[in-house]
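Here are two short exercises to work through with the model open. Try each one before you read the solution.

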Amino acid sequence: MKIYNSSTHKKEDFQPIEEGKVRMYVCGPTVYDNIHIGNARTFISFDVIRRWLIAAGYEVTFAQNLTDVDDKIINRANEQGRTAEEVAIEFSDKFIAVMHKANVMDPDVRPRATKEIGPMIGMIKTLIEQGHAYAADNGDVYFAVRSDPSYGEVSGRKIDDLMVGARIEENEDKNDPLDFALWKAAKPGEPMWNSPWGKGRPGWHTECAAMVHRYLGTPIDIHGGGSDLAFPHHENECAQATCAWHEGFANTWMHTGMLLVDGEKMSKSLGNFFTLEEVLEKHSAAALRLLMLQTHYRSPLDFSWERLEGAENSLARIAGTVQNLRWAVSHAEGEPDATLAAKLDAAVDAAKAEFEAQMNDDFNTAGAVAAYFQLVTEANTYLDQAGSAVDTDVVAGAAVSIAGAFAVLGIELPEPEEELPVGLLGVAAGLCAYTGDDVNKAAERILAARAEARAAKDWDTADAIRDQLRDMGLMIEDTAAGSRIKHVK
Ligand SMILES: [Zn+2]
């Protein structure tokens, strides 16, 4: 398996530290608002990466923090006249709920910054003892960036270049403008904890380094996040961890590309800003995931409602094919053509091999999905050509393979409802004088009545059957292997 390491700018053969095991960490949200679809892209991408590592046989331990103390949370609380804790709890709960809705697996460990103050203070003490950090007169503690000879390796920057262009806050308490806060002295009205340097709270970069060390142990195999986190957040996490424990921090750094809306940067002022929650109110998680996975995780992703609608249609087509394959198996009749079946069987093998090759090549989900779109086309061709004389083993295998591949990506295909509604009996009774109580028999009678009406060119009856079914949310689908009644999706 090859993974692009953003700190070396190369695709590398993935070699976990411990045979068969992967320890990975992905920075979680700062919980002051609902997450937007740009954040969602990062979390869905790493969910798929994690799912593929598991499918490839690794035992994966996945940790993700919740940043529940931060300037943004405090500002939001002040605006709304609430406590920072209330804001953090509300948006932590909303984040977890919307991740479930998006079919993102729960992390194995989900530490919260406010519950990890002790380990963070411990790390800061270690850094001070080793000459990598210092307490300023104002009660802040800063990391001395120039004390770390490897600073800049995560994001590929040189210290001297940072001095030029970087937006560095002037602060007379720092020894060097590049230094960053590990601990922030308490201000009135803010959440605060006791420390050897007086009351205060931890800096953002400090929490991830301390949590990675505590829950996964350093170094870890994979550290991920959005590309906007590479600098300064990941650079600073890495500097603290390597200077405190001298074990290295993360072997592979992975960063997701940004999300655009209709080709433009998403922003509230442009009116093209969407939360994950509002997108999932209108569309299925499966369609959103399919849209996202059709672009490689490192490339910019263009979101639009039209593309999402398109993904919804693709999904319906794939699910329809899987249903048709299953239906053909249960209604098979006649001797199957061996040449046609062999061709479909070969297409199933080819799709599986291509899917694996693409996923093992830096999680190229776009290529992996394309391989199965191709198989769906081949399966439809087979059903058209074979009619009801299908090879049930091959056809059942194709259905399992298609549904299984999308399931690995966390895309659940819409399933048809098992039972047709009881109201169907009413239609059957009205149109076919049917008096039994079995819905499937009623369906058969309706189809037979429609076929009879069409054969007799009695279009009024045929249309009446169609209309009554439509009023019940049902439609008749004519396939090469015969007709059936199904729910309109
Ligand atoms: Zn982080």
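**Exercise 1.** Work out the order of the strands in the open sheet, and find which strands stand at its edges.

*Solution.* Start with the order: 3 strands make an open sheet, E12-E11-E13, with mixed pairing. (Strands are DSSP runs of at least two residues and helices, H or I, of at least four, numbered from the N terminus; two strands pair if DSSP finds at least two bridges between them.) The edges go to E12 (264–265) and E13 (301–303), each having a single partner strand, so one side of each has no neighbour in the sheet. Next, look at E11 (residues 259–261), which pairs with E12 in the antiparallel sense over 2 bridges. Val-261 has Glu-264 in E12 as its bridge partner.

A word on the model: it is predicted, with local features needing pLDDT of at least 70 and side-chain atom pairs pLDDT 80 or more, while totals for chains, interfaces and linings use all residues. Numbering runs from 1 along each chain as its sequence is written, and side-chain values use heavy atoms, leaving out hydrogens and water.

**Exercise 2.** Find the residues that coordinate the zinc ion, then place His-233 and Glu-237 in their helix.

*Solution.* Begin with the donors (N, O and S atoms within 2.8 Å of the metal, or 3.2 Å for Na, K and Ca; water is not among the atoms, so sites may look incomplete). They come from Cys-27 (SG), Cys-208 (SG), His-233 (NE2) and Glu-237 (OE), at 2.1 to 2.2 Å. Along the sequence, that reads C-x180-C-x24-H-x3-E. Now the helix: His-233 and Glu-237 both sit in H7 (residues 230–245), 4 residues apart, or about one turn. Both His-233 and Glu-237 are buried (under 20% relative accessible area, with exposed over 50% and partly exposed in between, using a 1.4 Å probe and protein chains only).
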